[in-house]
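Hi there,

Here is the structure I promised to pass on. Have a look at it first, and then read on for what turned up.

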Amino acid sequence: MSSQHLFRIPPLDKPVYKLLQGLRIAHRDASQREVIQAALIVFGELPPARRQWYLEMVRLAPSDQPEVYPIAP
């Protein structure tokens, strides 16, 4: 396997990180990866209009990060 990373994301905003930690504990210390994978599967199964609504809410939410990270089309 190549040493290059195929997919990288910026650090999570603090509210997202706190929610992720809460979900890990609530689900018997599931790994971050398991929680994120489950969330991605559920998000991917939503109707396109609902996914777009959630993306807009995230883009409008206050962020602890100094930059805006656009989502690629």
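Which residue with a positive phi follows α1? That residue is R28, and its phi is near 55°. Please keep in mind as you browse that this is a predicted model.

Let me start with α1 itself. This helix covers residues 14–26, which makes 13 residues. At 1.5 Å a residue the helix should span 18 Å, and its end C-alpha atoms are indeed 18 Å apart, so the expected and computed values agree.

Next comes the way α1 packs with helix α2, which runs over residues 32–45. Two packed helices are described by the angle between their axes and by the distance between those axes. Here the axes come within 9 Å and cross at roughly 105°. Angles of 65 to 115 degrees count as roughly perpendicular, and therefore α1 and α2 are roughly perpendicular to each other.

If you would like to find the contact on screen, look on the α1 side for Y17, L20, Q21, L23 and R24, which meet Q32, V35 and I36 in α2. Five of the residues in this contact are nonpolar, two are polar and one is charged.

Finally, a word on aromatic rings. The structure holds one aromatic pair. It is formed by W53 and Y54, whose ring centres are 5.0 Å apart; their planes stand at 75°, so the pair is edge-to-face. Are these two buried or exposed? W53 counts as partly exposed because its relative accessibility is 38%, and Y54 is also partly exposed, at 35% relative accessible area.

Enjoy exploring!

Best wishes

Methods
Residues are numbered from 1 along each chain as its sequence is written. This is a predicted model: local features need pLDDT of at least 70, side-chain atom pairs count only at pLDDT 80 or more; totals for chains, interfaces and linings use all residues. Side-chain values use heavy atoms; hydrogens and water are left out. Helices (H or I, at least four residues) and strands (E, at least two) are DSSP runs, numbered from the N terminus. The expected span of a helix is 1.5 Å times one less than its number of residues. Axes are lines fitted to C-alpha atoms, for helices over the stretch in contact, and angles run from 0 to 180 degrees between N-to-C directions. Angles under 35 degrees count as roughly parallel, over 145 as roughly antiparallel, 65 to 115 as roughly perpendicular and the rest as oblique. Contact means heavy atoms within 4.5 Å. Ala, Val, Leu, Ile, Met, Phe, Trp, Tyr, Cys and Pro count as nonpolar, Asp, Glu, Lys and Arg as charged, and the others, Gly among them, as polar. Rings of Phe, Tyr and Trp (its six-membered ring) pair if their centres lie within 6.5 Å; planes under 30 degrees apart count as stacked, over 60 as edge-to-face and the rest as tilted. Buried means under 20% relative accessible area, exposed over 50%, partly exposed in between (1.4 Å probe, protein chains only).
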